[in-house]
Amino acid sequence: MALVYPGEELDIQPGISAVVFAPPGHAELDTAILDLAAVLDGLVFDNFEIVMVEAGPSQRISDLVAELGLRFPHLPLRLLEGDYADHAAALSAAFGSATFDLIFVTSADGRYDVRELNHLLEAIEQGADLVIGYRPKRADSFAARLDGWGWNLLINLVFGPTARDVDCAFKLFRQNVWQRVDMRSRGTATFYTELLVRARRLGFRVTELPVSHHRAATLVPTASPATIWRALADLIEVRKGVDDDYSTRRSLRRRRCSTSHLGGRPRRGPSSSHSSGSVRRSTIST
């Protein structure tokens with residue numbers, strides 16, 4: 001059982017569900033998956049799973065997962081079946097299907113060193129609810145770096161301090177973060193933005209750590225004008241949704257406080273703070 005609020009338990013196992021997005025055309029996915037499995041086994045023993053996701057089903061990924069299953073029968077690898085509209089929809093489905101109480105998300109295109117996951121896990125052990133990587137030195141083209149700088153600047157201007165590197169695909173968070181953020185927008189461009197903004201508004205503890213970044217094995221395209229306009233439209237929707245939800249919560253809070261004159265204390269729901277117990281390696285072993 002995993003603690004969510006003090007005294008409350010959920011039927012989820014302690015461990016890590018690694019959600020890996022399969023980039024199109026990457027030729028060394030099997031090596032990336034096996035490297036990740038080795039890292040996870042070293043951190044949490046056999047208390048992990050690897051969930052492969054892709055926006056649209058492809059025979060290549062299905063064959064890869066089947067082949068690895070034959071070569072390594074005990075490898076906890078599964079492919080999330082389904083035809084999803086985009087990257088965000090696939091990730092949402094994968095997060096919702098996670099078996100373990102920690103969710104790690106990354107890409108299998110060689111941009112990140114999965115051995116650095118141990119730093120994220122240490123931050124969780126020290127009390128963080130959501131640990132996000134940021135790339136102090138991005139190994140992308142100048143245009144891609146410029147896109148990223150402008151997007152991060154815009155997010156932090158619109159929502160206040162959110163993250164140094166909002167879309168860095170190297171994050172580890174507690175499953176109850178995903179369960180409570182109540183995502184509304186499914187736009188790919190704003191997916192991580194909404195996740196982080198809502199998590200911070202709910203009072204979850206967010207830690208940022210530097211991670212190494214390497215040039216991707218597949219080309220990272222720069223944003224087209226149409227993509228930028230769509231991202232801005234999605235961003236407006238996220239801002240409206242977050243503001244509406246936040247104002248509703250404040251109104252409910254004031255309404256509860258106003259009942260205190262009736263002689264009783266206002267009825268309170270579960271606190272948004274979480275138990276300070278850490279997810280330690282020793283508790284994950286069986």
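**Exercise 1.** Find the backbone atom that the side chain of Asn152 reaches in this predicted model.

*Solution.* Start with the place of Asn152: helix H5, residues 142–159 (helices are DSSP runs of H or I, at least four residues; strands are runs of E, at least two; both are numbered from the N terminus). Next, take its side chain. It reaches the backbone nitrogen of Val166 at 2.8 Å. Then list contacts (heavy atoms within 4.5 Å). Leaving aside neighbours within four places in sequence, Asn152 touches Ala163, Arg164, Asp165 and Val166. Last, check burial. Asn152 is buried, at 11% relative accessible area (buried is under 20%, exposed over 50%, partly exposed in between; 1.4 Å probe, protein chains only).

Residues are numbered from 1 along each chain as its sequence is written. Local features need pLDDT of at least 70, side-chain atom pairs count only at pLDDT 80 or more, totals for chains, interfaces and linings use all residues, and side-chain values use heavy atoms, without hydrogens and water.

**Exercise 2.** Locate the parts tied together by the salt bridge of Arg205 and Asp129.

*Solution.* Apply the criterion: a side-chain nitrogen of Lys or Arg within 4 Å of a carboxyl oxygen of Asp or Glu. The closest N and O atoms of Arg205 and Asp129 are 3.1 Å apart. Arg205 lies in the loop between helix H7 (191–201) and strand E9 (206–210), and Asp129 in the loop between H4 and strand E7 (130–134), so the pair ties together parts 76 residues apart in sequence. Now compare burial. Asp129 is buried, at 0%; Arg205 is partly exposed, at 31%.

Technical notes:
A polar contact is a pair of N or O atoms within 3.5 Å; within protein, one must be able to donate a hydrogen and the other to accept it, and residues adjacent in sequence count only if both atoms are side-chain atoms.
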